Structure formats: C-alpha cells, structure tokens
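Let's walk through this model together, starting from its core and working outward. Have the sequence and the 3D view open as you read.

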Amino acid sequence: MLSIVAAALLATASTSTSHSLLTPVSERPVSTRLLVAQAPAEAPDVSGTSTPPPLPEDLDARARELTQQIAMLQSEIRSVDTNWPAGSLVMAYSGYVLSPLLLLGIPLIIVGMSSSNDDDAGTLLALGVGTTLGGVAGVGLLIAGIVTGSKQAGINRAHRESLVRERIRLEDELRDVKARRDARGAMQTRQWTPRAGIPLVAFAF
C-alpha cells in the first residue's frame, strides 16, 4: 500500500525545469569533446519559386536607343540619291544634242569664206557662225552636266557609305548589348535550390 502511494506522489509531482540531452545541467560539467554542427540561423525560403529579378534597365534602354538610331539611319540611307541631279542631266542631254552642230558650223564657215558670191558667202558665214556657236554651247553644256552630275553623285555616294558604316557599327554594338543582356538575364534567372543543414551531434560518454 505504501509503495502505491509513493508511486502516485512521484507521478503527480511537477518539476521546475525540463532537461534534455542537449541542455547542459549545472551540476554536471559539459564535456569538451561534444561537437555540435548546427544549421544556419536563417535558412532560405524554398517553399515557392522565386521571381527572377528584372533585367538591367541600362542595357534595355541602350538597346532601345540603338534600335531607334538604326531605324533612322536606314531611312536616311534610303533617301540618299546617288544618281545625277536633274539639272545636270538636262545640261548633259542638251549638250549632247547641240554639240554636233559644231561639226556642221565649221564647214559652213569655210565654204562661206571661199565663196565668190558675196550674198551666198554672207549667208553661209552667218549660218556657219550661228551653228558653230550652238555647237560650242552644246559642248559646254555637256561638259558642265557631266562634271556637276559626277561631283554631286560622288558626294551623295560618299555620304551614303558613311551612313552605312555607321549603321554597321551600331548594329555590332546592338548585338553586343543584347548578348550581354541575355547573358546577365540568364545568370539572374538561374535558380539555386538550397539544402537545409542537418545538425550533427556527437556525444562522448
């Protein structure tokens, strides 16, 4: 009977402090050979998929700027006319038509000067002089049209080539910017799955 009462009293008695294997007792010194490897204080949250960070704004802005510049250059390149100007073409065609008169006027002048009839000589000389002047003007117009047309076409062609080189340079820079943006975006969106640390406890008894 006394043993049953003693067991009941021990079961209902409350203790002030709960002890565990990992909590050192003040009456018992902790062994120096106890090794504890604990998990990190703040473990990463792996409950859901992390949202990838946005791409760098500077690379995006530079890519948009380069795209706009390339489009503007392309429009300007299309607008550059490497042909001869209309005025040069008119002068060249007019000179081409009038220049053969020179070959007709000179013989008329020669015939008029050698003619014995004064009336015929005067008429032939006047006709020859007029035709020769027209031929000389035609030759001048032909030369002026060729020179001015070639010069202006050369200037336009050089300007177009400089625009093409600038467009190629911007396209190369745009490809480099896009490559860096894609590479950085791939690095930022790469997911890292952390592994929780497992506490290791070694006791020496």
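The largest nonpolar core in this predicted model is made up of eleven residues. Leu-59, Ala-63, Leu-66, Ile-70, Leu-73, Ile-77 and Val-80 belong to this core, together with Leu-163, Leu-170, Leu-174 and Val-177. Two elements, H2 and H5, each give two or more residues to the core, and H2 gives the most, with six. For a closer look, try Leu-163: setting aside neighbours within four places in sequence, Leu-163 is in contact with Leu-73, Glu-76, Ile-77 and Val-80.

Charged side chains also connect these two helices. Side chains of opposite charge can pair when their charged atoms come close. Arg-181 and Asp-60 form a salt bridge, with 3.3 Å between the closest N and O atoms. This pair links distant parts of the chain, since Arg-181 lies in helix H5 and Asp-60 in helix H2 (residues 57–79), 121 residues apart. Is Asp-60 buried or exposed? Asp-60 counts as buried, because its relative accessibility is 14% and the cut-off for buried is under 20%.

The structure holds eight salt bridges, and two others are worth finding along helix H5. One of them joins Arg-169 to Glu-166, where the closest N and O atoms are 2.6 Å apart. Arg-169 and Glu-166 are three residues apart in helix H5, so about one helical turn separates them. Arg-169 is partly exposed, with a relative accessible area of 43%, and Glu-166 also counts as partly exposed, at 31% relative accessibility. The other salt bridge brings together the side chains of Asp-172 and Arg-175, at 2.2 Å from N to O. Here too the partners are three residues apart in helix H5, so Asp-172 and Arg-175 are separated by about one helical turn. Asp-172 counts as partly exposed at 38% relative accessibility, whereas Arg-175, at 52%, counts as exposed. Which residues are joined into one network by salt bridges that share partners? They are Arg-62, Glu-65, Glu-166, Arg-169 and Glu-173.

Now follow helix H5, which spans residues 118–189, back to Ala-121. Ala-121 counts as buried because its relative accessibility is 9%, against a cut-off of under 20%. Not counting residues up to four places away in sequence, Ala-121 touches Gly-112 and Ser-115. Ile-110 is eleven residues from Ala-121 along the chain, and the C-alpha atoms of Ala-121 and Ile-110 are separated by 9.6 Å.

This part of the chain also brings us to an annotation. In an unreviewed UniProt entry, the annotation "transmembrane region" covers residues 93–112 and 124–147. What does the model show there? Over residues 93–112 the chain is 90% helix and 0% strand, with the end C-alpha atoms 30 Å apart. Over residues 124–147 the chain is 100% helix and 0% strand, and there the end C-alpha atoms are 34 Å apart.

Let's step back to the whole chain. The protein chain has five helices and two strands, and along the sequence they follow the pattern α-β-α-α-α-α-β. Of its 205 residues, 17% count as buried. The chain exposes about 15,800 Å², and carbon and sulfur atoms supply 62% of that area. Among contacts with a separation of 6 or more, residues 24 or more positions apart account for 86%.

How confident is the predictor, and where should you take care? The pLDDT of the protein chain averages 74, and 62% of the residues score at least 70. Confidence is highest in helix H3 (residues 86–98), at a mean of 92, and lowest in strand S1 (residues 35–37), at 43. The pLDDT is below 50 over residues 14–55, a stretch that has 30 contacts in the model beyond near neighbours in sequence. Residues 200–205 also stay under 50, and for them the model has 14 contacts beyond four places in sequence. Where pLDDT is low, the predicted coordinates should not be read in detail.

Conventions: Residues numbered from 1 in each chain as written. Predicted model: local features only at pLDDT ≥ 70, side-chain atom pairs only at ≥ 80, totals over all residues. Heavy atoms only, no water. UniProt positions renumbered as here; feature names shortened; annotations may be inferred. Helix = DSSP H or I, 4+ residues; strand = E, 2+ residues; numbered from the N terminus. Buried < 20%, exposed > 50% of the residue type's maximum accessible area, 1.4 Å probe, protein only. Contact = heavy atoms within 4.5 Å. pLDDT = per-residue confidence, 0-100. Areas by Shrake-Rupley, 256 points an atom, 1.4 Å probe, with all protein chains shown as cover. Salt bridge = Lys/Arg side-chain N within 4 Å of Asp/Glu carboxyl O. Core = buried A, V, L, I, M, F, W, Y, C linked by side-chain atoms within 4.5 Å.
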